[in-house]
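User: I have a chain here that I would like to go through at the bench. Please take my questions one at a time and show the reasoning.

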Amino acid sequence: MTATIPNIEGQDEASILREIHSALHGLKFGSVEITVHNGEVVQIERKEKFRLQPNNKNT
């Protein structure tokens, strides 16, 4: 299925897709949420999680 992304604040579809790509770039753990209102993208939110490795040193 192909979807057309309407303009957001004067941005064209390519600009919105670049913003989504930018939000995904380098993301290892987390999510990217795209909020749509009345059929238009109004917000792109990136949530990143950092996983910490336990320290296995015996002191």
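User: Is A23 buried or exposed, and at what relative accessibility?

Analyst: This is a predicted model, so the value is computed from its atoms. A residue counts as buried under 20% relative accessible area. A23 falls under that cut-off, so A23 is buried, at 9%.

User: Which element holds A23, and which residues does A23 contact beyond its neighbours within four places in sequence?

Analyst: A23 sits in helix α1. One partner, I44, is 21 residues away in sequence, yet the two C-alpha atoms are 7.9 Å apart. Leaving aside neighbours within four places, the contacts of A23 are V32, I44 and R46.

User: Which other residues of α1 are buried along with A23, and which are they by name?

Analyst: A23 is on the list of buried residues in α1. The others on that list are S15, I16 and I20.

User: Within what arc do the buried residues of α1 fall?

Analyst: An α-helix has 3.6 residues a turn, so residues three or four places apart point the same way. The buried residues of α1 are S15, I16, I20 and A23. Viewed down the helix axis, they line one face, because they fall within an arc of 140 degrees.

User: What helps cover the buried residues of α1, and which exposed residues sit on the face turned away?

Analyst: The cover over the buried residues includes strands β1 and β2. The face turned away from the buried side is a separate matter. That face carries the exposed residues R18 and H21.

User: How far apart are the end C-alpha atoms of α1?

Analyst: Helix α1 covers residues 13-24, which is 12 residues. At 1.5 Å a residue, the expected span is 16 Å. The model agrees with this, because the end C-alpha atoms are 17 Å apart.

User: What is the relative accessibility of E13, and how far is E13 from V41 in space?

Analyst: E13 belongs to helix α1. Its relative accessibility is 31%, so E13 counts as partly exposed. E13 and V41 are 28 residues apart in sequence, and from C-alpha to C-alpha the distance is 10.0 Å.

User: Which residue with a positive phi follows α1?

Analyst: Helix α1 ends at residue 24. The residue in question follows α1 and has a phi near 80 degrees. That residue is G26.

User: In what order do the elements run from the N terminus?

Analyst: The protein chain has one helix and two strands. From the N terminus, the order is α-β-β.

User: How many bridges join β1 to β2, and what is the partner of I34?

Analyst: Strand β1 spans residues 30-37 and strand β2 spans residues 40-48. They run antiparallel, and eight bridges join them. Within β2, the bridge partner of I34 is I44.

User: Which turn residue of the hairpin has a positive phi?

Analyst: β1 and β2 form a hairpin with two residues between them. The residue asked for is in the loop between β1 and β2. At 71% relative accessible area it counts as exposed. It is not a glycine, yet its phi is about 55 degrees: N38.

User: Which residue forms a salt bridge with K47?

Analyst: The structure holds two salt bridges. K47 lies in β2 and its partner in β1, so the pair ties together parts 14 residues apart in sequence. K47 is partly exposed at 41% relative accessibility, and the partner is partly exposed at 39%. With the closest N and O atoms 4.0 Å apart, the partner is E33.

User: What is the N to O distance in the salt bridge between E48 and R46?

Analyst: E48 is partly exposed, at 36% relative accessibility. R46 is also partly exposed, at 34%. Their side chains meet in a salt bridge with an N to O distance of 2.9 Å.

User: What share of the residues is buried in the whole protein chain?

Analyst: The protein chain has 59 residues. Its accessible surface is about 5400 Å², with 49% belonging to carbon and sulfur atoms. The share of residues that count as buried is 14%.

How values were computed. Residues numbered from 1 in each chain as written. Predicted model: local features only at pLDDT ≥ 70, side-chain atom pairs only at ≥ 80, totals over all residues. Heavy atoms only, no water. Pairing = 2+ DSSP bridges. Helix = DSSP H or I, 4+ residues; strand = E, 2+ residues; numbered from the N terminus. Buried < 20%, exposed > 50% of the residue type's maximum accessible area, 1.4 Å probe, protein only. Areas by Shrake-Rupley, 256 points an atom, 1.4 Å probe, with all protein chains shown as cover. Expected span 1.5 Å × (residues − 1). Arc of directions from axis to C-beta. Contact = heavy atoms within 4.5 Å.
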